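Here are a few short exercises to help you get to know a new structure. Try each task yourself before you read its solution.

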Amino acid sequence: WVSDQLYQLTAAYEGKREEWNVYEMAYRAHPEAPKSLPFVGASTDVIPLIASMIDPVHARLETGIFRQDPPFKYNALRKSMMKYAKPLEKFANFYMRNIVDTRKVSSPRLLELCKLGTCVFYVDYRIVKGTRKFYEGDKVRTEEMVTARGPVLEGVELSDFLFPALYQNMQDAPLVARRIRTSIANLRDLERQGWCTGVDDVEKLAGRDRASTEDTHEESHGIST
C-alpha cells in the first residue's frame, strides 16, 4: 500500500515540479540562450520582476517574525499555570535563538513560502553521542557520553515533501512522505549505533534518483555536481 501511494504521489508531483522549475528560473532571471529572432544578436536579458516583488515580502516577513522581542510569546490558559508561562517563554526563546538558530533555518523556507505559497518544517528529537577520555595512570579509558539531547528544527524543501492534494489539514491526509538525502556510509554509521537495520538490502537498491528541481536549483545557483 505504501509503495503504491508513493508511486502515485511521485507521478502526480512531476507536473508541479516542472511548474516550480519555471518559477525558479524566472525568479533567478539569468540571461537566456542566444537568439536569432527577431534578429541575430537580440538581447537575452531577463528583467527580474518576480524577484523584485518576492524579496521585499520575504524581508518584511522575516523581520516581522524575528525582530520581535520575544519572538515567541507564551500565555497560560489556566490560572494555576501562570507562574510557569514566563520561565517557559524565556527558556524556549533562548533555545530557539541560540541552540536551534530558528532564523537561519527558517529563512530559505520563508523564501520558498513567498515563491510557492507554502513551506514545510520538521522537528526531530535528536540525541548526539560523543566520547571522552580519562587518564588512569599510564592507561587511557574511553567512555561514551551524550553531548546533546533535544529537539532540532529542520526546513524541508517542498520538492522533497510528498502529500496528497485537496487536504487542508495534514492530520487528515492518509499519507505524507519526506525524501531523505543520505549515503550508505551514513546508514552504516546509524546501523552500528542501533538506529536502523537492513542496510545491506538498501545498498543493493541504492541509486541517484534526482528530482528535476535539483538540476534547476544547481543551474540557477551556478553549481555543478
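## Exercise 1: The chain as a whole

In this predicted model, 54% of the contacts in the protein chain between residues at least 6 apart in sequence join residues at least 24 apart.

**Task.** Find how many helices and strands the protein chain has, and decide whether the chain is spread out or compact.

**Solution.**
- Begin with the elements: the protein chain has seven helices and four strands.
- Next, put them in sequence order, which gives the pattern α-α-α-α-β-β-β-β-α-α-α.
- Now turn to the radius of gyration, which is 24 Å for the protein chain. The globule rule gives 17 Å for 225 residues, and 24 Å is well over that, so the chain is more spread out than a compact globule.
- Add the extent of the C-alpha trace, which spans about 80 × 55 × 45 Å along its principal axes.
- Finish with burial: of the 225 residues of the protein chain, 24% count as buried.

## Exercise 2: Two helices that pack

**Task.** Describe how helix α2 and helix α4 pack, and say which residues of the two meet.

**Solution.**
- Locate the pair: α2 covers residues 49-66 and α4 covers residues 102-116.
- Take the geometry: their axes are 9 Å apart, and the helices pack at an angle of about 140 degrees. That angle makes α2 oblique to α4.
- Check the hand of the crossing of α2 and α4, which is right-handed.
- List the partners: I54, D55, V57, H58, L61, E62, T63, I65 and F66 in α2 meet T102, R103, S106, S107, L110, L111, L113, C114 and K115 in α4.
- Sort the residues of this contact by character, and you get nine nonpolar, five polar and four charged.
- Zoom in on C114, which is found in α4. Leaving out residues up to four places away in sequence, C114 touches I54, V57, H58 and L61.
- Try one distance: C114 and S52 are 62 residues apart in sequence, and their C-alpha atoms are 12 Å apart in space.

## Exercise 3: Another partner for α4

**Task.** Work out at what angle helix α1 and α4 cross, and which residues meet there.

**Solution.**
- Start from the axes: those of α1 (residues 2-28) and α4 come within 11 Å and cross at roughly 105 degrees. This makes α1 roughly perpendicular to α4.
- Name the residues: W20, Y23, E24, Y27 and R28 in α1 meet L111, K115 and L116 in α4.
- Divide the residues of the α1 contact with α4 into classes: five are nonpolar, none polar and three charged.

## Exercise 4: Two single residues

**Task.** For V46 and E144, decide whether each is buried, partly exposed or exposed, and list what each touches.

**Solution.**
- V46 lies in the loop between α1 and α2. Its relative accessibility is 29%, so V46 counts as partly exposed.
- Leaving out residues up to four places away in sequence, V46 touches A29, H30 and E32. The C-alpha atoms of V46 and H30 are separated by 6.5 Å, with their positions 16 residues apart along the chain.
- E144 has its place in strand β2 (residues 139-156). With 57% relative accessibility, E144 counts as exposed.
- With the same sequence neighbours left out, E144 touches K129, G130 and T131. E144 and K129 are 15 residues apart in sequence and 7.0 Å apart in space, C-alpha to C-alpha.

Conventions: Residues are numbered from 1 along each chain as its sequence is written. This is a predicted model: local features need pLDDT of at least 70, side-chain atom pairs count only at pLDDT 80 or more; totals for chains, interfaces and linings use all residues. Side-chain values use heavy atoms; hydrogens and water are left out. Axes are lines fitted to C-alpha atoms, for helices over the stretch in contact, and angles run from 0 to 180 degrees between N-to-C directions. Angles under 35 degrees count as roughly parallel, over 145 as roughly antiparallel, 65 to 115 as roughly perpendicular and the rest as oblique. A crossing is left-handed if the near helix is turned anticlockwise from the far one by less than a right angle, and right-handed if clockwise. Contact means heavy atoms within 4.5 Å. Ala, Val, Leu, Ile, Met, Phe, Trp, Tyr, Cys and Pro count as nonpolar, Asp, Glu, Lys and Arg as charged, and the others, Gly among them, as polar. The radius of gyration is taken over C-alpha atoms; the globule rule is 2.2 Å times the number of residues to the power 0.38. Buried means under 20% relative accessible area, exposed over 50%, partly exposed in between (1.4 Å probe, protein chains only).
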